[in-house]
There are 2 protein chains.
Amino acid sequence: MFTTAALAETAALVGDPGRAAMLMALMDGRALTAAELARVAGITPQTASGHLARLTTAGLLSRHCQGRHHYHRLASPAVAHMLETIMEASAAGQALRPQRAVVTGPRDKAMRAARTCYDHLAGQLGVRLAEALGERGYVELSDEGGAVTETGMEFFRSFGLDLGPAPARVYCRPCLDWSERRLHIGGTLGAKLAARCFALNWIRRNSESRAVTVTPAGQRGFRETLDI
Amino acid sequence: MFTTAALAETAALVGDPGRAAMLMALMDGRALTAAELARVAGITPQTASGHLARLTTAGLLSRHCQGRHHYHRLASPAVAHMLETIMEASAAGQALRPQRAVVTGPRDKAMRAARTCYDHLAGQLGVRLAEALGERGYVELSDEGGAVTETGMEFFRSFGLDLGPAPARVYCRPCLDWSERRLHIGGTLGAKLAARCFALNWIRRNSESRAVTVTPAGQRGFRETLDI
DNA sequence: CAAATGCTTCGGCGAACGCCGAATTAAGCC
DNA sequence: GGCTTAATTCGGCGTTCGCCGAAGCATTTG
């Protein structure tokens, strides 16, 4: 059947360690060059080139050439969503299995603490953020959907977020965190929230990974506004 | 890094045509025996046995032995969600590519018309259902979340659905249909809706695939209640 | 107890694919 | 025009992995 073949094809593309590493590196929405991607994947440029070509023709990546640099990014949020979902199912599977010792290096630690999830915040920071917003009644989260409350709308506006006209009452897609196994806030609200935190210099991107670090200003800001 | 390896591992499991076919066959939430799965995948039982063992130890499937029959089912809704999301990203990728001729056999046609998506309805029927419910103001859908309205709660109760106590206002997770590229209703509401339609004998499972057929009673019922 | 059925394990075959070295093209820089 | 760097293409090597035939366990049936 047609659909099954497409499923296997796409999954097989993600199923290679080298390609998976490159896709993960692109999870924060930035565009990286072929050489950078080769490095994070731990393979030679010529090997990476082949992988990138396949990912691009499959429509998982989009490329954009500028001079002699070829920039690659995820073709759509759908791809990022797919990757997070695979990690989620994977984590759910591991949880059921006998606990294999998971070696958590410092890199992993930073990722678990705070990272970007395509365009919004995840990790412990994302979870704490979602909890604090929930406790204060600014958003209502469940496994299945999320909603911004009236007081939440006011709060976000005062925080500098333009959520647009009111009609779409539901802005936030809850997103199950694969390291914390708890909900954090994605969707449009999550993206705008993350962007605002970057703009306020509360958090800063890590140059090497999707991990983000909370700045001193951020420590203060998060404590003052949400007590987290 | 740990997380990347897990991503590749899980994706590689889905990336084999045989395993993908078996997973797709389990997408409607039923449990199938090893022999049945071997048949749908077009491989011999001993090959299927190996695949099923790997999928089970990875936590994607759960098995449950009854006499000499070994029943397999998806380990969790997270796995079903992952599969749908991969198809979605795959479809999005294909849409960007030059239109390759997609051969749509009668099997595909039935699938596109109406099918189950783990526990709720998808395909053209699912989309029409979502549209009708939206037009009547029973649910509010967006790409990011969905909500049941007050009048919707009444309607669903009158339709025979027990949605439980009111607190969780948001019941329905919109689910992007990979064949229609439009939203349909998943989540708890979607599952209960589908179950009710089966109970009313409005729709019937196809023995060979996830496709469902609308019965004459269903034709009448859908027209009378929602004019679809 | 013997036969049949469903499932699994083992062993070897073959194809697919990831990998890199070497060579080629293209863009910037002196 | 040379030199460096980025990216790609090509060719061949090696491993991995899916596949099936044959055999081995369990469970049900006569």
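Which atom of DNA strand C is 2.9 Å from an N or O atom in the side chain of B:Arg68? It's a base oxygen. Before I go on, this is a predicted model, where local features need pLDDT of at least 70, side-chain atom pairs count only at pLDDT 80 or more, and totals for chains, interfaces and linings use all residues. Residues are numbered from 1 along each chain as its sequence is written, chains are lettered from A and ligands numbered from 1 in the order in which they are written, and side-chain values use heavy atoms, with hydrogens and water left out.

OK, back to the DNA. B:Arg63 has a polar side-chain atom 2.2 Å from a phosphate oxygen of strand C. On chain A, an N or O atom in the side chain of Thr44 sits 3.1 Å from a phosphate oxygen of that strand. Of the strand C atoms within 4 Å of the protein, 68% belong to sugar or phosphate, and the rest to bases.

Now the two protein chains. Their contact (heavy atoms within 4.5 Å) takes 58 residues from chain A and 57 from chain B. Together they bury about 4700 Å², 65% of it on carbon and sulfur atoms; buried area is the accessible area, with a 1.4 Å probe, that two parts lose on being put together, summed over both.

And how many salt bridges are there between chain B and chain A? Zero, counting a side-chain nitrogen of Lys or Arg within 4 Å of a carboxyl oxygen of Asp or Glu.

Note on methods:
Near = heavy atom within 4 Å. Polar contact = N/O pair within 3.5 Å; in protein donor to acceptor, adjacent residues only side chain to side chain.
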